[in-house]
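Open the model in your viewer and set it to a cartoon. This tour moves from the overall fold to single residues.

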Amino acid sequence: METKEEKWELRLYVAGKTAKSVTALTNLKRYCEEHLKGKYVIEVIDLLVEPQLAEGDQILAIPTLVKKVPEPIRKIIGDLSNEEKVLVGLNIRPAKKAE
């Protein structure tokens, strides 16, 4: 099966509708719309509802974003407010070289 463009599979772990969790999801959606439009899937997992799912991705802090596909798997912890850090962390944008 050939696909021209890889779908980005992103999983955001939250614990309820805390301000930090809502901010993380809002930021993530904005970055995806700007940089991955039409090429991404966001799965939000609320660990208050499904705590057993934390173990699979070894989630230690909330909110945590996990990029499943494309590999390598990456994790970013926090409310995702630092766009540069998120884009570099997800390999959407290459890291800027230090001068």
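Buried here means under 20% relative accessible area. Keep that cut-off at hand for the first stop. Note also that this is a predicted model.

**The whole chain**

Colour by secondary structure. The protein chain has two helices and four strands. Read from the N terminus, the order is β-α-β-β-β-α. Now colour by accessibility: of the 99 residues, 32% count as buried. The exposed surface comes to about 6,600 Å², with carbon and sulfur atoms supplying 53% of it. Switch on contacts between residues at least 6 apart in sequence, and 62% of these join residues at least 24 apart.

**Strand β1**

Select residues 8–14, which form β1. How many of the seven residues of β1 are buried? Five are, so by the 20% cut-off the strand is mostly covered.

Add residues 40–46, strand β2. β1 and β2 pair in the parallel sense over seven bridges. For a landmark, pick L12: its bridge partner in β2 is V44. Then trace the chain from β1 through α1 to β2; this β-α-β crossover is right-handed.

Next add residues 64–69, strand β3. β3 runs antiparallel to β1, with five bridges between them. Label two pairs across this pairing. E9 stands opposite V69, and R11 stands opposite V66.

Show side chains along the strands as you go. In a regular strand the side chains alternate between the two faces of the sheet.

**The β3–β4 hairpin**

Select residues 74–77 for β4. Four bridges join β3 to β4, and the two run antiparallel. They form a hairpin with four residues between them. T64 has I77 as its bridge partner in β4.

Stop at P70, in the loop between β3 and β4. A cis peptide bond joins V69 and P70, with omega about -5°.

**The cores**

Hide the cartoon and show nonpolar side chains. The largest nonpolar core has 16 residues. Those with the most contacts inside this core are L12, L28, L65, L80 and L90. β1, α1 (19–35) and α2 (83–89) each give two or more residues to the core. A second, separate core has six residues, among them Y13, I45, L47 and A54.

**L80**

Zoom to L80, in the loop between β4 and α2. Is L80 buried or exposed? L80 is buried, because its relative accessible area is 5%, below the 20% cut-off. Leaving out residues up to four places away in sequence, L80 touches L12, A24, N27, L28, Y31, L65 and V86. Check the backbone too. Most residues other than glycine have a negative phi. L80 is not a glycine, yet has a positive phi of about 60°.

**G78**

Step back to G78, in the loop between β4 and α2. G78 counts as buried because its relative accessibility is 14%. Beyond its neighbours within four places in sequence, G78 is in contact with A24 and P63. Draw a distance from the C-alpha of G78 to that of T23: the viewer should give 9.4 Å, for residues 55 apart along the chain.

**P63 and S21**

Select P63, in the loop between β2 and β3. Which residue is joined to P63 by a cis peptide bond? That residue is I62, and omega is about -10°.

Now select S21, in helix α1. S21 touches V14, A15, G16, I62 and P63, not counting residues up to four places away in sequence. With a relative accessible area of 4%, S21 is buried. Look at its side chain: a polar contact of 2.8 Å joins it to the side chain of T18.

**Last stop: Q58**

Finish at Q58, in the loop between β2 and β3. Its phi is near 50°, a positive value in a residue other than glycine. Is Q58 buried or exposed? Q58 is exposed, because its relative accessible area is 59%. Put Q58 beside L80 in your view: both have a positive phi, but L80 is buried while Q58 is exposed.

Terms used
Residues are numbered from 1 along each chain as its sequence is written. This is a predicted model: local features need pLDDT of at least 70, side-chain atom pairs count only at pLDDT 80 or more; totals for chains, interfaces and linings use all residues. Side-chain values use heavy atoms; hydrogens and water are left out. A nonpolar core is a set of buried Ala, Val, Leu, Ile, Met, Phe, Trp, Tyr and Cys residues joined through side-chain atoms within 4.5 Å. Buried means under 20% relative accessible area, exposed over 50%, partly exposed in between (1.4 Å probe, protein chains only). Contact means heavy atoms within 4.5 Å. A polar contact is a pair of N or O atoms within 3.5 Å; within protein, one must be able to donate a hydrogen and the other to accept it, and residues adjacent in sequence count only if both atoms are side-chain atoms. Accessible areas come from the Shrake-Rupley method with a 1.4 Å probe; for residues, only the protein chains shown count as cover. Two strands pair if DSSP finds at least two bridges between them. A crossover is right-handed if, with the strands pointing away from the viewer, the path from the first strand over the helix to the second runs clockwise.
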